[in-house]
Protein chains: 2
Amino acid sequence: MSSIDTELANTIRWDIIDGTFAHGARLTEAKLCDSHNVSRTPVRLALRRLEQEGMIRKGEGRGYVVEEVTVEGIKQAVQVRGHLESLAARLMAQSKNKPQDLDRMALAIERIEALIDQGSLDDETLTKMHAENFTFHSTILNGCGNSYVKFTCDQISHLPMLASGSMVFDRDSIDGKKDIDKTILRLKIGNSQHRIIYKAIEQEDPVRAEGMMREHSNTMIEYIEVFEHRNTKLTVRDLVSYSVQGKPDKESQKTGTGN
Amino acid sequence: MSSIDTELANTIRWDIIDGTFAHGARLTEAKLCDSHNVSRTPVRLALRRLEQEGMIRKGEGRGYVVEEVTVEGIKQAVQVRGHLESLAARLMAQSKNKPQDLDRMALAIERIEALIDQGSLDDETLTKMHAENFTFHSTILNGCGNSYVKFTCDQISHLPMLASGSMVFDRDSIDGKKDIDKTILRLKIGNSQHRIIYKAIEQEDPVRAEGMMREHSNTMIEYIEVFEHRNTKLTVRDLVSYSVQGKPDKESQKTGTGN
DNA sequence: ACAGACCATTTGGGATCCCATAATTGGTCA
DNA sequence: TGACCAATTATGGGATCCCAAATGGTCTGT
């Protein structure tokens, strides 16, 4: 249990993301105090945090207004994150002394492969897969030698699907066992990209590492676009339901990769 | 005049940057209340802001400790920013409907050229040049179509030389009229890079736009390294004194480019 | 003399109060 | 009837108070 203001910020953030607070709605300190039964101090801290995250901004005159969170915005943020990850991959490929990091990445790749080969995509498997994906991506961010890359990524990781290692799945297909082959193929392709990134970094090929990571990031954007194509009224809320790692109440990225 | 907590955050931030608060120093709310004669509410808001900026972090038990701001860290942040700007350049090259933005960029380039051709690098000229440089770079960030690029850049712009359009000069050379030719040459090269970026964007050549912007960003890093080579004990404070736009107490980037 | 427990002081989180000011409403005058 | 001005209210910023938790030092018992 964190402090009240942190919890409050999380609550409000998700109220904004899932549409409880509509775009343009005005937030006043007093209302939030009343509805959450807390005093104004934590409310003010929470609002300040959300303002810095860009979820809300000072309105004209008084009060805050909630910013719009759109599918397009998520895609843009994923693009930014992917671009930063590609920088990390390039830098890591140029760096020396990374055997430990490489080992951890290789292990994550093998474990993901094993999980895919199980053939069943239940929640437990997805959770494990996400953990390994998280390990792979965080290792690169942490091991690239430029700590600002990770810092900057974390700065935007409050948005859905922006946390390190986030994955998007077609839950309809998984739950209904429909098109499961297509989903598994997608996962296999994703992990093969992991292999290429690993190899490029290991062989100190920065251009290939950067390019492959960029491609890998594009995968998520394209997958989101598949959803958009299938459902032209796709909401951010829908998108969240398709992602592994629901409400990230636990700040899992704090632990990092342990190095 | 902003609110007290904003001013306080600015003050503490610069105390950290210029070394008044040493790396690892503990900040307690009570001390800051006492030394700045304010109550704990604004202090807490200021500390929260600085924490999110990464300038300080929660210590082991109680209190905050100041993070180290090093020349190496600045270089890393400049690299991140440059990488994001190269994404912006690529995206803008791919986009349509940007004649206004292109006009503004062309105008900035010509004005910078005119300022360089004056041959004298007094403070007023540098300030004007910085303004044009700011226009050029912000126009790309704002006009690339991905608003998260600009947002993410702004997230790290509290560090010295990270604000949009920041420039680094060899003040020793300027004040003492020594090596002024070398400085002018450097400026001319920088502006020629501007021209190439402009041309690539105008001709919708994303690869060239991205590559040239990356090169343009590297220029600042290399320039910093020139200073490091000349003075092996170069401090962040020294670096700040070499940059145009001292303490950015005025949040000049708020105005943007007007679109 | 050393170890463990206990107490005091420090410190941070939260609640409440006060005040300045922006927004709104109502009234009056042209 | 419409516009302008004043009074009231809503709201946010800052100050102060209270409480819980943690830290450090001391005291006592073995």
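## Contacts with DNA strand D

In this predicted model, a polar backbone atom of I4(B) lies 2.6 Å from a phosphate oxygen of DNA strand D, and a polar backbone atom of S39(B) lies 2.7 Å from a phosphate oxygen of that strand; a polar contact is a pair of N or O atoms within 3.5 Å, where within protein one must be able to donate a hydrogen and the other to accept it, and residues adjacent in sequence count only if both atoms are side-chain atoms. A base nitrogen of DNA strand D is 2.9 Å from an N or O atom in the side chain of R44(A). The elements that give two or more residues to the surface near the strand are α3 (40-53) of chain A and, from chain B, α1 (4-17) and α3 (40-53), with helices being DSSP runs (H or I, at least four residues) numbered from the N terminus.

There are 17 residues around DNA strand D, and those that come nearest are R62(A), I4(B), S39(B), T41(B) and R62(B); a residue is near a strand if one of its heavy atoms lies within 4 Å of it. By type, the residues of this surface divide into 4 nonpolar, 6 polar and 7 charged, where Asp, Glu, Lys and Arg count as charged, Ala, Val, Leu, Ile, Met, Phe, Trp, Tyr, Cys and Pro as nonpolar, and the others, Gly among them, as polar.

## How the two chains are related

Chain A is superposed on chain B by a rotation of 180° with 0.0 Å of shift along its axis (RMSD 0.1 Å), using least squares on the C-alpha atoms of residues with pLDDT of at least 70 in both. That is the relation of a two-fold axis, and in chain A the C-alpha nearest the axis, 3.3 Å from it, belongs to L45(A).

## A buried asparagine

N146(A) is found in the loop between α6 (123-143) and α7 (147-155) of chain A. With 2% relative accessibility, N146(A) counts as buried, a term that means under 20% relative accessible area with a 1.4 Å probe and protein chains only. A polar atom of the N146(A) side chain lies 3.1 Å from the backbone oxygen of Q76(B).

## Conventions

Residues are numbered from 1 along each chain as its sequence is written, while chains are lettered from A and ligands numbered from 1 in the order in which they are written. Local features need pLDDT of at least 70, side-chain atom pairs count only at pLDDT 80 or more, and totals for chains, interfaces and linings use all residues, while side-chain values use heavy atoms, with hydrogens and water left out.

Notes. Buried < 20%, exposed > 50% of the residue type's maximum accessible area, 1.4 Å probe, protein only.
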